[in-house]
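Student: Got a minute to go through this fold with me? I'd like to get a feel for the layout before I do anything else.
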Amino acid sequence: MLCLGIETSCDETALALVRDGALLDQVLASQADTHALFGGVVPELASREHYRFIGPLYDLIQKRNGLRATDLDLVAVARGPGLLGCLLVGMAFAKGLVLGSRAGLLGINHLHAHLLAAGLERDLPFPALGLLISGGHTHLYRMESPSCLKILGRTLDDAAGEACDKFAKMLHLPYPGGALLDALSQGVEPDRKLFPRPYTRNATLDFSFSGLKTAAAVCLAGRPELIAAGKQVCANGVEASTEALRRVCASYVHAVADTLRIKTELALDLWPGMELGALAPKAVIVAGGVAANTTVRAVLGECAARRGLDLILPSLRLCTDNASMIAYAGWLLGRKGLRHDLALSVVPRGHTVPDNDYVDN
Ligand code: KG4
Ligand code: ZN
């Protein structure tokens with residue numbers, strides 16, 4: 001089964017081809033430089049950029065693989081959550097391809113695709129605990145199978161990636177800040193007491209990072225030299241950073257990672273049937289842009305090892321938005337015969353992606 005994946009939910013236009021569970025090719029155009037000028041993603045600009053790039057990217061992947069539209073068995077498209085205009089560009093393109101070929105159509109939950117992406121690199125065991133940490137979402141899932149993911153907890157306000165990006169913005173670091181915080185934190189011992197582990201003294205699996213942001217704003221208000229150092233990095237690159245700036249970044253990132261660890265441990269403690277081997281999770285699967293973070297990978301790695309659990313992390317290029325994960329999730333569901341029809345609509349951020357609105361085919 002040959003599946004084309006289309007990803008346009010935020011600021012990456014991407015296409016990928018998966019045949020029988022293996023990645024054949026992928027192309028991606030990032031809009032990061034365009035949005036950096038504005039300090040964040042501008043939705044109207046993002047959809048215009050998708051509209052500009054998607055055709056040429058399709059031509060490229062088609063030529064590189066000697067592909068005719070009629071070779072496709074399935075077109076899998078990210079249906080949400082994401083930015084409305086952006087999703088519509090991918091969806092319209094997918095439907096056009098389906099109309100011009102014999103391929104089936106399948107709308108993919110972008111968040112589920114993140115969590116399943118590591119399946120391109122190794123077998124995923126089920127049931128598993130899933131932790132999705134991206135720019136817009138921080139969700140814990142009970143993953144029973146590739147098509148059955150149940151939410152256990154979610155962020156009540158900012159997502160982990162957003163918390164990183166906003167801290168970077170407070171420091172006047174360039175957008176997108178998450179990866180830069182990571183670079184500045186490399187090899188630096190964090191001050192574990194500087195920032196709180198927000199919303200962890202409770203028994204819920206929800207997250208809230210707003211307390212951490214407030215603590216960071218208070219800390220920076222008293223230390224203008226850190227903001228001056230951030231401006232230097234913005235002007236002259238990471239080499240211009242000071243030791244104090246690197247330490248505050250490492251401490252903040254550690255607070256994010258440790259908060260994720262605390263809630264992950266709680267989810268394992270609360271897992272029903274934990275003591276019954278067959279029902280217990282076989283692994284912790286971590287995915288989304290923030291799963292690329294060095295500290296997050298290390299802290300969650302230690303946590304899983306203490307629990308005797310396998311920690312599954314996709315390679316870095318599969319953590320951030322890409323179409324390989326959409327094509328792979330499409331192949332996983334498509335081989336079970338699941339399809340949507342041309343009435344398929346997109347699901348913007350803030351709305352719930354339906355779980356089971358497939359059509360008979
Ligand atoms: O999954 P993703 O690419 O897009 C969404 O679906 O949101 O995640 C993007 C988020 C951004 O907030 C970005 O700053 C963050 O992931 N991010 C990182 C790192 N790489 C990307 N955050 C911390 N450390 C990183 N290395
Ligand atoms: Zn994403």
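Student: In what order do the strands of the five-stranded open sheet come?
Tutor: Keep in mind that this is a predicted model. The order is β8-β7-β6-β9-β10, and the pairing is mixed. β8 (148–154) and β10 (310–312) are the edge strands, each pairing on one side only. From one strand to the next, the twist averages 25 degrees.

Student: How do β6 and β9 run, and how many bridges join them?
Tutor: They run parallel, with four bridges between β6 (residues 128–133) and β9 (residues 283–287). In that pairing, L129 stands opposite V284 of β9.

Student: And which strands does helix α9 lie across?
Tutor: Helix α9 (residues 243–270) lies across β6, β7 (138–145) and β9, and runs at about 155 degrees to β6. Helix α10 (residues 294–306) packs on the sheet too, where it touches β6, β9 and β10. The direction of α10 makes about 155 degrees with that of β10.

Student: OK, switching topic. What links β2 and β3, and how many residues sit between them?
Tutor: They form a hairpin with two residues between the strands. D20 is in the turn and has a positive phi of about 50 degrees. β2 (residues 12–19) and β3 (residues 22–30) pair in the antiparallel sense over eight bridges, and R19 has A22 in β3 as its bridge partner.

Student: Zooming out, what domains is the chain divided into?
Tutor: There are domain 1 (2–116 + 319–352) and domain 2 (126–313). Their centres, taken over C-alpha atoms, are 27 Å apart. The contact between them takes 19 residues from domain 1 and 22 residues from domain 2.

Student: Now the holes. How many cavities of 30 Å³ or more does a search of the whole structure find?
Tutor: One. It has about 160 Å³ of space and is lined by 16 residues, with N109, H112, L333, D355 and Y358 nearest its centre. The elements giving two or more residues to that lining are β5 (104–109), α4 (110–116) and α12 (324–334). The largest share, three residues, comes from β5.

Student: Why does the cavity lie between the domains?
Tutor: Because domain 1 and domain 2 both give residues to its lining. By class, that lining has nine nonpolar, five polar and two charged residues.

Student: What about open pockets: what volume does the largest one have?
Tutor: About 1200 Å³. It is lined by 45 residues, and the closest to its centre are S134, G135, G136, D165 and Y175. α4, α5 (160–170), α6 (177–185) and α9 each give two or more residues to the lining.

Student: Which of those gives the most?
Tutor: α5, with seven residues. The lining of this pocket divides into 19 nonpolar, 17 polar and nine charged residues, and at least three residues come from each of the two domains.

Student: And the second largest pocket, which residues are closest to its centre?
Tutor: That pocket has a volume of about 390 Å³. Of its 19 lining residues, L111, H139, I151, R154 and H351 are the closest to the centre. The elements giving two or more are α4, β7 and β8, and β8 gives the most, with three residues.

Student: How does its lining divide by class?
Tutor: Six nonpolar, nine polar and four charged residues. The second largest pocket also draws at least three lining residues from each of domain 1 and domain 2.

Notes: Residues numbered from 1 in each chain as written. Chains lettered and ligands numbered in written order. Predicted model: local features only at pLDDT ≥ 70, side-chain atom pairs only at ≥ 80, totals over all residues. Heavy atoms only, no water. 1 Å grid on protein atoms, 1.4 Å probe; cavity = no way out; pocket = protein on both sides within 12 Å on 5 of 7 lines; lining within 4 Å. Points joined across faces, edges and corners; volume = space filled by probe spheres on them. Nonpolar A, V, L, I, M, F, W, Y, C, P; charged D, E, K, R; others polar. Domains from an automatic or database assignment. Pairing = 2+ DSSP bridges. Axes fitted to C-alpha atoms, helices over the stretch in contact; angles between N-to-C directions. Contact = heavy atoms within 4.5 Å.
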